[in-house]
Amino acid sequence: MNKVSIKPLDKLVLATIDVAPTTTASGLYLPENATEKPKTATVVAIGTNVKNIKVGETIIYESYSGTDIKHQDQDYVLVKEEKILATIN
C-alpha cells in the first residue's frame, strides 16, 4: 500500500473504494451502468479524532454518505466516522 498524501481531519476516514464486479457468478459480463456503486472500502488514513476505525480495515458505509475523490489515478471516498456501519475482518 502506497503512502497517501491526503490527511483527513477530525472524525473523517479516507478509504480506497472497492471495485464492483464486472461479471456475474455464471460468467456474464455486466455493463458499467448496471452495477450499483459498492459500499465497501479499505481504510488508508484516519483523522485525529477517529476512535473505532484503524488503517487497513475494510469498512461498510452508508449510501451517498461520502465524498468521492480522485487523486493520482486512485479513487477514494472520504466518510465521517459516524456514517460507517461496520468493519469486515
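## Strand pairing

Two strands are taken to pair if DSSP finds at least two bridges between them. On that basis, strand 1 of this predicted model can be placed between its partners. In strand 2, T16 has T42 as its bridge partner, and in strand 5 the residue opposite T16 is Y76.

The pairing of strand 1 with strand 2 (residues 40-46) is antiparallel and comprises 5 bridges. Strand 1 also runs antiparallel to strand 5 (residues 74-80), to which it is joined by 5 bridges. Strand 1 itself spans residues 12-17, and 5 of its 6 residues are buried.

## Overall architecture

The protein chain contains 6 strands and 0 helices, giving the pattern β-β-β-β-β-β along the sequence. Of the contacts between residues at least 6 apart in sequence, 60% join residues that are at least 24 apart.

Buried residues account for 27% of the 89 residues in the protein chain. The chain exposes about 6,300 Å², of which 52% is supplied by carbon and sulfur atoms.

## Nonpolar cores

The largest nonpolar core is made of 12 residues: V13, A15, I17, A41, V43, V50, I53, I59, Y61, V77, V79 and I84. At least two residues of this core come from each of strand 1, strand 2, strand 3 and strand 5. Strand 1 gives the largest share, with 3 residues. Another core lies apart from it and has 5 residues, including V4, L14, V44 and A45.

V77, a member of the largest core, has a wide set of partners in the chain. Leaving aside residues up to four places away in sequence, V77 touches V13, L14, A15, I17, A41, Y61, G66, T67 and D68. Among these partners, L14 belongs to the other core.

## Nonpolar surface patch

I60, L85 and I88 form a nonpolar surface patch of about 250 Å². I60 is located in strand 3 (residues 58-61). With a relative accessible area of 30%, I60 is partly exposed. The neighbours of I60 in sequence, I59 and Y61, are instead listed in the largest nonpolar core.

## Salt bridges

Side chains of opposite charge can pair when their charged atoms come close. The structure holds 2 salt bridges. One of them is formed by the side chains of K83 and E62, with an N to O distance of 3.8 Å. This pair links distant parts of the chain, 21 residues apart: K83 lies in the loop between strand 5 and strand 6 (84-88), whereas E62 lies in the loop between strand 3 and strand 4 (67-71). K83 is partly exposed because its relative accessibility is 31%, and E62 is likewise partly exposed, at 30% relative accessible area.

In the salt bridge between the side chains of D75 and K70, the N to O distance is 3.4 Å. Which of these two residues is exposed, and which is partly exposed? The cut-off for exposed is over 50% relative accessible area. K70 has a relative accessible area of 57% and is therefore exposed, whereas D75, at 38% relative accessibility, counts as partly exposed.

Conventions: Residues numbered from 1 in each chain as written. Predicted model: local features only at pLDDT ≥ 70, side-chain atom pairs only at ≥ 80, totals over all residues. Heavy atoms only, no water. Helix = DSSP H or I, 4+ residues; strand = E, 2+ residues; numbered from the N terminus. Buried < 20%, exposed > 50% of the residue type's maximum accessible area, 1.4 Å probe, protein only. Contact = heavy atoms within 4.5 Å. Areas by Shrake-Rupley, 256 points an atom, 1.4 Å probe, with all protein chains shown as cover. Patch = residues over 30% accessible without salt bridge, like charges linked within 9 Å, V, L, I, M, F, W, Y side chains within 5 Å. Salt bridge = Lys/Arg side-chain N within 4 Å of Asp/Glu carboxyl O. Core = buried A, V, L, I, M, F, W, Y, C linked by side-chain atoms within 4.5 Å.
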